[in-house]
Amino acid sequence: MGLVSECEPDQYENTKNYLDPYCIQVLNATRGNFKSATEISEASNLSLTTVYRRVHILQEFGLLEVIGKIRPDGRKFFLYKSKIKELQ
């Protein structure tokens with residue numbers, strides 16, 4: 001399996017061995033649109049804990065774009081979007 005990424009090719013080559021099926025599910029769930037961890041969990045049928053663990057890994061490898069927002073009640077939340085264009 002290969003990934004077409006917006007990241008540097010060498011960056012992906014150095015990280016692909018660390019991506020498990022759950023990471024791939026998170027990347028698939030976040031392709032094209034920003035999503036919250038809850039939305040990723042629902043779209044991928046993964047527990048919220050698993051989503052947060054994989055989001056952290058994918059962030060470390062630079063494979064997810066992350067934006068933070070503040071709700072009207074003052075609470076922060078984050079949205080995630082895959083930097084991977086497609087799986088090959």
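**Close-up views of a predicted model, centred on helix α4**

**View 1. The buried and exposed sides of helix α4.** In α4, the residues Thr 50, Val 51, Arg 54, Val 55 and Leu 58 are buried. Seen down the axis of α4, these buried residues fall within an arc of 130°, so they line one face of the helix. An α-helix has 3.6 residues a turn, so residues three or four places apart point the same way. On the other side of α4, Arg 53 and Glu 60 are exposed. The model shown here, as in every view below, is a predicted one.

**View 2. The length of α4, its cover and the residue that follows.** Helix α4 comprises 13 residues, 48–60, and reaches 18 Å from its first C-alpha to its last, close to the 18 Å expected at 1.5 Å a residue. The cover over the buried residues of α4 includes two helices, α2 (21–29) and α3 (37–44), together with the strands β2 (64–70) and β3 (76–82). After α4 comes Gly 62, whose phi is positive, near 75°.

**View 3. The largest nonpolar core.** This core has 17 residues, of which Leu 19, Leu 27, Ile 40, Val 55, Leu 58 and Leu 63 touch the most other members. Helices α2, α3 and α4 each supply at least two residues of the core, and α2 gives the most, with 5 residues. Val 55 and Leu 58, which are among the buried residues of α4, are thus named again here among the core residues that touch the most other members.

**View 4. Leu 27 of helix α2 and Val 55 of helix α4.** Leu 27 has its place in helix α2 and, at 2% relative accessibility, counts as buried, because the limit for that class is under 20%. Leu 27 and Val 55 are 28 residues apart along the chain, and their C-alpha atoms are separated by 8.9 Å. Both Leu 27 and Val 55 belong to the largest nonpolar core.

**View 5. Ser 41 and Asn 45, in α3 and in the loop after it.** Ser 41 lies in helix α3 and counts as buried, with a relative accessibility of 14%. Leaving aside residues up to four places away in sequence, Ser 41 touches Leu 46, Ser 47, Leu 48 and Val 51; of these, Val 51 is one of the buried residues of α4. Asn 45 lies in the loop between α3 and α4 and is exposed, with a relative accessible area of 73%. The phi of Asn 45 is near 60°, a positive value in a residue other than glycine.

**View 6. The whole chain, for orientation, with its confidence.** The chain has 4 helices and 4 strands, and from the N terminus on its elements run β-α-α-α-α-β-β-β. Of the 88 residues in the chain, 36% are buried, and the chain exposes about 5,600 Å², of which carbon and sulfur atoms supply 46%. Among the contacts in the chain with a separation of 6 or more, 56% are accounted for by residues 24 or more positions apart. The mean pLDDT of the chain is 84, and 77% of its residues reach 70 or more. Confidence is highest in α3, at 96, and lowest in strand β1 (residues 3–5), at a mean of 47. Where pLDDT is low, the predicted coordinates should not be read in detail.

Notes:
Residues numbered from 1 in each chain as written. Predicted model: local features only at pLDDT ≥ 70, side-chain atom pairs only at ≥ 80, totals over all residues. Heavy atoms only, no water. Expected span 1.5 Å × (residues − 1). Buried < 20%, exposed > 50% of the residue type's maximum accessible area, 1.4 Å probe, protein only. Arc of directions from axis to C-beta. Contact = heavy atoms within 4.5 Å. Core = buried A, V, L, I, M, F, W, Y, C linked by side-chain atoms within 4.5 Å. Areas by Shrake-Rupley, 256 points an atom, 1.4 Å probe, with all protein chains shown as cover. pLDDT = per-residue confidence, 0-100.
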